[in-house]
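Biologist: I have a protein with a ligand and want to go through its pockets and cavities. Can you take me through them?

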Amino acid sequence: MSNRQLALITGASSGIGREFAMMLAKSGYDIVAVARRRELLESLASELQVLGAQTRVVVADLSTGAGVQSVIDAASDSDFLVLNAGITRAARVGTTPSDQIAKLNTLLATGVVEVCEAIVPRMVQRKNGEVVIVSSIAAFTPMPKSALYAAAKTYVMSYGRSLNLEVRGSGVRVCVVCPGYVRTELHQHAGLAHLRQRVPKWLWINSHDVVRAALSGLRKNKSVVLPGLVYRLARPFLGSRAVQAIWQSTTKRN
Ligand code: NDP
């Protein structure tokens, strides 16, 4: 690696994570790119090289303890963490086997916390570091048939908000970004491709909007940001029953 700062990005092979990799490489970071699909990570690495960034490719399944540990081992010297890897899941209560529940929780929740617990203290020691945790609007609104996903996203949001306060003033910044609907592969992988048609166009944003909002949130030391004007305007009302009823009827999953 060069003498540029180092950014660890989980879920860098597509969507929001890939966009973070491009933006941070342009801002002068070398990248540790993590996901399961090696070929996509390698093609990303070639693109980042053109931008002047070197890339360590780490192929890991972050739904396993071993995968999480391999990432900590590969990137403990990171200056910037983007904890983004994830899937969504639509399933009625009682239909997810317990091993799948454990994997989902490791991927979306406890694995994220383990990486922070291992790497953030080193950032505090160096008095320098930035952390983005990718949560979801699901941390604000109940999601029938996605209770496991919503619960995991709430867990990391809560952790990130407390961490933000704990390290404030130490030179380390933490921001939790909670996107609504983003045009990526996420829904397609979960068998929810039909949401592209069902959810109104004005609720969809791009990965670029998510990354911009997260970086701006970090600069302003905000603990939580919701990317996209519609979501920002709706934020104060997301707890109200009327808004939740509208949200659930416009985003119904079947
Ligand atoms: P994508 O499907 O495009 O990207 C998901 C990324 O996570 C891929 O790089 C994928 O790589 C990686 N990933 C998935 N499972 C694992 C695993 N077990 N181990 C390692 N890496 C894994 O979706 P998005 O970019 O949309 O998703 C990024 C994050 O944004 C997720 O946490 C998601 O919950 C969140 N989010 C997305 C929203 C949306 O509407 N798209 C809305 C709100 C939040 P690979 O398959 O190669 O392993």
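Modeller: Start with where the ligand is: it sits in the largest pocket. A molecule sits in a cavity or pocket if more than half of its atoms lie within 2 Å of its grid points. The model is predicted, so local features need pLDDT of at least 70 and side-chain atom pairs count only at pLDDT 80 or more, while totals for chains, interfaces and linings use all residues. Residues are numbered from 1 along each chain as its sequence is written, and side-chain values use heavy atoms, with hydrogens and water left out.

Biologist: What is the volume of the largest pocket?

Modeller: The search uses a 1 Å grid over the protein atoms alone; a pocket is an open set of points with protein on both sides within 12 Å along at least five of seven lines, and a cavity is a set where a 1.4 Å probe fits but cannot get out. Points are joined across faces, edges and corners, and the volume is the space filled by probe spheres set on them. For the largest pocket this gives about 980 Å³.

Biologist: Which residues lining the largest pocket are closest to its centre?

Modeller: Lining residues have an atom within 4 Å of a point. There are 43 of them here, and the closest to the centre are A85, G86, I87, T88 and L186.

Biologist: Which helix gives the most to the lining of the largest pocket?

Modeller: Helices (H or I, at least four residues) and strands (E, at least two) are DSSP runs, numbered from the N terminus. Helix 1, helix 4 (98-126), helix 5, strand 7 and helix 6 each supply at least two lining residues. The top contributor, with five residues, is helix 4.

Biologist: How many residues surround the ligand?

Modeller: A residue counts as near if one of its heavy atoms lies within 4 Å of the molecule. The closest are R36, N84, Y149, G180 and T184, and the full shell has 32 residues.

Biologist: Which element gives the most to that shell around the ligand?

Modeller: Helix 1 (15-26), helix 5 (147-167), strand 7 (181-182) and helix 6 (186-189) each supply at least two residues. With three residues, the most comes from helix 6.

Biologist: How many charged residues does the shell around the ligand have?

Modeller: Asp, Glu, Lys and Arg count as charged; Ala, Val, Leu, Ile, Met, Phe, Trp, Tyr, Cys and Pro as nonpolar; the others, Gly among them, as polar. The shell has 14 nonpolar and 13 polar residues, and the charged ones number five.

Biologist: How much of the ligand does the protein bury?

Modeller: Look at the atom pairs beforehand. A polar side-chain atom of S14 lies 2.8 Å from a ligand oxygen, and one of Y149 lies 2.7 Å from a ligand oxygen. N84 brings a backbone N or O atom to 2.7 Å from an oxygen of the ligand. Taken alone the ligand exposes 880 Å² (Shrake-Rupley method, 1.4 Å probe), and the protein buries 97% of that.

Biologist: Which helix gives the most to the lining of the second largest pocket?

Modeller: That pocket has a volume of about 280 Å³. It is lined by 14 residues, with A213, V225, L226, P227 and R232 nearest its centre. Helix 8 (207-219) and strand 9 (224-225) each supply at least two. The most, five residues, comes from helix 8.

Biologist: How many charged residues line the largest cavity?

Modeller: The count comes to two cavities of 30 Å³ or more, and the largest has a volume of about 60 Å³. Its lining includes T10, L62, V68 and L83, and helix 4 gives the largest share, five residues. By class the lining has seven nonpolar and three polar residues, and the charged count is no residues.

Biologist: Which residue is one of those lining the second largest cavity and is a lysine?

Modeller: This cavity has a volume of about 40 Å³. Helix 4 gives the most to its lining, with three residues. By class there are seven nonpolar, one polar and one charged residues. Among the lining residues are L83, N84, I133 and the lysine, K153.

Technical notes
Polar contact = N/O pair within 3.5 Å; in protein donor to acceptor, adjacent residues only side chain to side chain.
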